[in-house]
Amino acid sequence: MADVRGPGAVAIGSGPSVLCGELVGRAAEVAALHERVAAAARGDGGVVVLVGEAGAGKSRLVAEVTAAARAVGAAVLTGRAVPGRIPVPYRPVAEALLAAFRTVPVPDAPELVGFHGHLGRIVPAWRDAAGVEESPVLLSEAVVRLLALLGRDAGCVLVLEDLHWADPETLDAVDYLADAVPGTPVLCVCTTRPEGAAAGLIDRLARRDPRSVLPVSMLPPADVDRMVAACLQVSAAPPEVLEFVRAHAEGSPFLVEELLAGLVASDALTFVDGRWSRSGELTPTVPSGLKESIRSRAGALDPTSRRVVDAAAVLGRRFDWQLLPGVAAVDGRAVVDGLRAAVAEQLFEVEDGEFAFRHALTREALLADLLPPDRRDLAQRARSVIVRAHPGLPGALCEQVAELAEAAGELADAADHLVESARRALAQGALGTAETTARRARRLAPTLDADELLVRILVAAGKPAEASDLGTEVVPRIDDPERRADLLLVLARAAVEAGDTGRAAEHVAAARAALRGGPAAAARIDAVAAHVALDDGRLAEAEALATAAVAAAEQTGQPDVECEALEVLGRVASVAGPDAAAPWRERAAEVAERAGLHTWHLRARQQAAIAAWANGDPSRLRSTRELAQRYGALVTVAVMDLSLADIALSNFDRAGCLAAAQACADASRRYGLATEPVAQLWLAGAHALAGDEPAMRTAVAAALARDPADARILADLYGRVLPTHCIVSGELDALRGHLDTMMEHVRVAPPLRSVYPGRTLWLTVHAIDDDDLGAAARAEFEDSVAGPGLLMFTHSRHVADAIVCGRRRDAAGATAAAAAMEAADAQMRHTALNIGMLHGQRMLVAAAAIRDGWGDPVRWLRECEAFFTAGGYAGAARRCRIMLGAAGAPVPRRSRGTSAVPTGLRAMGVTGREFDVLQLVVEGCSTREIGESLFLSPKTVERHLSSLFDRTGVRNRVALAELARAHGVETG
């Protein structure tokens with residue numbers, strides 16, 4: 001018999017191939033896919049899912065896509081999900097990346113900074129022990145960035161097949177890609193059946209973008225006829241063959257090929273003298289359906305070859321043929337002969353040097369045909385062979401062995417392997433797969449290991465109530481005291497996170513009862529107990545417990561416990577002010593760095609950076625942000641951006657606030673972080689600074705979208721954002737209403753979770769206006785800021801003292817308080833802390849000083865006017881000029897040169913025209929030369945010079961020129 005093969009067909013031996021060499025009836029689908037490939041090459045990628053029944057031709061369309069992608073030079077990566085009740089996290093994605101990067105180092109590109117650790121979860125060669133934040137969202141973002149990097153020249157196509165069998169993490173990753181890859185050179189092409197794991201994903205994608213779902217329907221009769229002719233490589237197939245295939249294929253391209261293969265394999269259809277002919281009745285000799293067709297071809301094999309095929313079916317659709325001798329219990333020669341025979345019978349195909357069943361349905365039909373004893377025997381053999389060949393069962397092999405053990409009836413062994421798989425998934429952060437796998441292990445063979453692991457998974461997944469219920473049942477079954485205490489501490493931490501300090505205390509007490517004595521155990525328990533006491537407001541007890549834990553942890557070599565306890569000591573000390581907490585944080589960072597505990601190291605550095613910023617040193621925020629990015633701790637990067645936006649807002653830095661807040665908001669939205677509401681709030685602050693009230697209101701709505709009653713957000717909305725808008729617009733009369741509303745929310749907000757700087761303005765307005773001279777407000781202020789605290793609070797105490805002394809006509813007291821106020825003011829300016837709000841507050845203080853006759857309000861207002869003018873805040877600058885006029889002081893005018901007046905000189909009251917004169921003084925011009933240059937009379941020049949001497953406090957031209965140079969004025 002002739003060996004007839006269509007283009008692309010691969011076979012071993014002399015058997016014919018009737019695989020179709022062309023794509024029939026898919027012109028519209030092919031055109032749509034080609035356009036998506038071209039769009040990705042232009043930088044506008046996306047996700048498209050081919051949805052069709054088994055055998056509809058999805059894989060052939062994928063082949064068309066990959067050929068088109070390679071034709072334009074695009075990178076192509078391919079992976080597929082496999083059937084099984086035990087999911088493997090990210091299996092299709094991992095297969096795709098491993099094929100491309102198995103021996104290639106991680107690309108050295110700025111786009112991947114901070115993502116190496118996340119990619120290492122998929123590509124083992126890239127694994128970095130420094131990786132932190134095992135977040136599925138960040139892993140998906142890492143994949144997006146890597147693919148975009150691959151596709152920056154000509155595009156990148158990621159193919160993920162058979163998503164109806166995919167694990168939850170892969171489906172979430174595809175969902176993430178659908179939002180992330182538009183606007184990048186990445187096209188993700190997926191295939192799935194309508195039913196199965198991907199059904200919900202298909203619905204979501206179709207709602208968001210109908211183009212992302214491409215149905216693949218069965219072929220109409222005319223296209224079936226064309227496909228039969230193409231398979232047989234003739235212009236027209238025999239009519240009876242066409243009728244037979246139309247009747248039995250039901251439009252399935254796969255069945256068209258399978259039915260023809262069955263006819264050829266059974267010699268019902270033969271190729272003689274250059275044409276196909278029928279050698280008998282088709283119905284009796286050819287099966288009427290796929291299952292019978294496959295059974296017929298498998299039945300044509302000799303018993304040894306059939307056993308090889310059955311052994312391969314047990315191993316999977318794609319299988320390692322070198323394992324077959326042990327599974328089938330035959331020698332290597334028999335395996336090769338069996339493979340050759342199976343290829344000849346159209347059961348197997350060879351692709352890239354590997355064997356696979358021609359279709360998933362082929363394998364399923366063969367498995368269904370195995371008798372239960374035979375299947376159990378083959379599964380038992382396969383399990384033993386894989387365990388011997390791959391010690392430790394890396395990757396997906398652990399899940400495969402678990403399935404084989406279950407098929408072999410070894411349920412306890414299957415459960416043990418499932419527990420290990422769940423443990424690995426938990427370590428990867430694949431919580432959905434971990435939970436599913438652990439629950440399956442418990443159903444197969446309820447064991448203490450499975451129950452205990454599920455408790456830990458539930459805690460990590462943020463399900464404290466279910467974890468607590470199950471943990472209460474599991475704990476009494478644990479005989480080992482140390483193991484029992486360890487689980488109790490896990491439950492205690494979960495209870496703390498859930499805000500149930502009572503339940504947390506019960507777990508700690510039970511852990512202490514389980515472990516009587518021993519400094520190592522005591523350290524672990526005391527560290528958790530300290531956190532419970534701290535969150536319960538028992539500061540002295542928290543400090544005592546943490547101190548004991550630190551000493552015991554240091555003695556017993558438990559650096560992680562030491563860091564946990566040091567964190568408590570830092571938080572306790574922070575109540576007395578950030579300086580008191582700094583030594584504890586520095587010590588925790590040193591311990592963590594020395595022990596290689598990257599998460600604790602970064603955590604300590606982050607807390608120290610935020611504390612330093614609050615006390616006037618923002619430099620550590622940027623260095624900590626860089627450290628977090630190196631570690632791959634992108635949540636911490638977002639937190640640092642949030643702090644940088646906070647700094648910029650307090651300093652009235654529009655551009656800086658907008659950039660940092662937008663970066664944090666984007667990261668929060670993309671990664672699903674809890675920082676998004678505050679990021680949106682600071683974004684509202686940036687719009688307030690820009691005077692864009694509609695954008696400010698939109699951002700405020702986004703900040704409150706998750707929880708419209710969030711006291712934290714509302715307190716800073718009325719204490720920061722809206723007051724900022726009032727100040728820059730010059731509408732100071734609205735301040736008090738906003739600030740009083742702020743305090744309503746501050747009173748119910750968590751006291752240690754935010755600084756609420758608006759309290760400084762609130763104290764100021766009440767000291768200025770209240771009949772009790774702000775005494776009630778001062779008492780509440782002192783109680784709420786708890787101690788000397790931050791520099792801004794110390795400064796506001798001096799402000800309130802000065803205002804009150806002024807109202808009492810206590811000139812000496814007001815002078816002393818004003819001096820202390822200005823000293824603190826100078827320190828805040830030096831550290832670039834809260835500069836914008838400081839000037840807003842200074843406007844209020846100047847108004848009070850003018851009213852009550854104390855201090856130097858004219859100078860303060862000039863400084864404020866200069867600051868707001870330099871920043872482009874016209875409303876605030878105008879308000880300052882109005883207040884100066886009301887005080888009877890010369891008002892800075894807008895005239896030629898005004899925009900060039902340096903802020904320091906403008907703060908002294910130097911006008912634009914006076915600055916023109918000053919520049920010529922610096923150049924050494926005489927009075928006559930100045931007048932000629934500026935078209936002024938000598939008398940007018942002398943008048944300007946006299947004013948400059950008065951404003952600057954110098955008495956001659958040489959000193960005036962030196963002062964100007966000190967403020968950046970140069971000769972031109």
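The expected span of a helix is 1.5 Å times one less than its number of residues. Helices here are DSSP runs of H or I with at least four residues, strands are E runs with at least two, and both are numbered from the N terminus. Take helix α13, residues 303-315. Its 13 residues should span 18 Å, and its end C-alpha atoms are 19 Å apart, which agrees.

Some ground rules. This is a predicted model, where local features need pLDDT of at least 70, side-chain atom pairs count only at pLDDT 80 or more, and totals for chains, interfaces and linings use all residues. Residues are numbered from 1 along each chain as its sequence is written, and side-chain values use heavy atoms, with hydrogens and water left out.

Back to α13. How many of its residues are buried? 10 of 13, so the helix is mostly covered (buried is under 20% relative accessible area, exposed over 50%, partly exposed in between, with a 1.4 Å probe and protein chains only). Among the buried ones are R306 and D310. V308, V309 and V314 are buried too.

Now helix pairs. Two packed helices are described by the angle between their axes and the distance between the axes. The axes are lines fitted to C-alpha atoms, over the stretch in contact for helices, and angles run from 0 to 180 degrees between N-to-C directions. Under 35 degrees is roughly parallel, over 145 roughly antiparallel, 65 to 115 roughly perpendicular, and the rest oblique.

Pair one: α19, residues 411-428, and α20, residues 431-444. The angle is about 165°, and the axes are 8 Å apart. The two are therefore roughly antiparallel. The crossing is left-handed, meaning the near helix is turned anticlockwise from the far one by less than a right angle; clockwise would be right-handed. On the α19 side, the contact includes L411, A415, L418 and A422. On the α20 side, it includes L431, A434, R440 and L444. Contact means heavy atoms within 4.5 Å. By class, that is 13 nonpolar, three polar and one charged. Nonpolar covers Ala, Val, Leu, Ile, Met, Phe, Trp, Tyr, Cys and Pro; charged covers Asp, Glu, Lys and Arg; the others, Gly among them, are polar.

Pair two: α9, residues 239-249, and α10, residues 253-265. Here the angle is about 130°, with axes 9 Å apart. So α9 and α10 are oblique to each other. Their crossing is right-handed. V241, F244, V245, H248 and A249 of α9 meet L255, V256, L259, L260 and L263 of α10. The split is nine nonpolar, one polar, no charged.

Pair three: α46, residues 927-934, against α47, residues 938-952. About 105°, axes 9 Å apart. They are therefore roughly perpendicular. T927, I930 and G931 touch P938, V941, E942 and L945. That gives four nonpolar, two polar and one charged.

Next, the loops. Most residues other than glycine have a negative phi. Q233 has a positive one, near 60°. Q233 sits between α8 and α9. It is partly exposed, at 42% relative accessibility. L393 also has a positive phi, near 50°. Its loop joins α17 and α18. Is L393 buried or exposed? Buried, at 7%.

Last one: E53, in the loop between β1 and α2. It is partly exposed, at 41%. Where does the chain come back to it? The C-alpha atoms of E53 and P215 are 9.5 Å apart, across 162 residues of chain. Leaving out residues up to four places away in sequence, E53 touches K58, P194, E195, V216 and M218.
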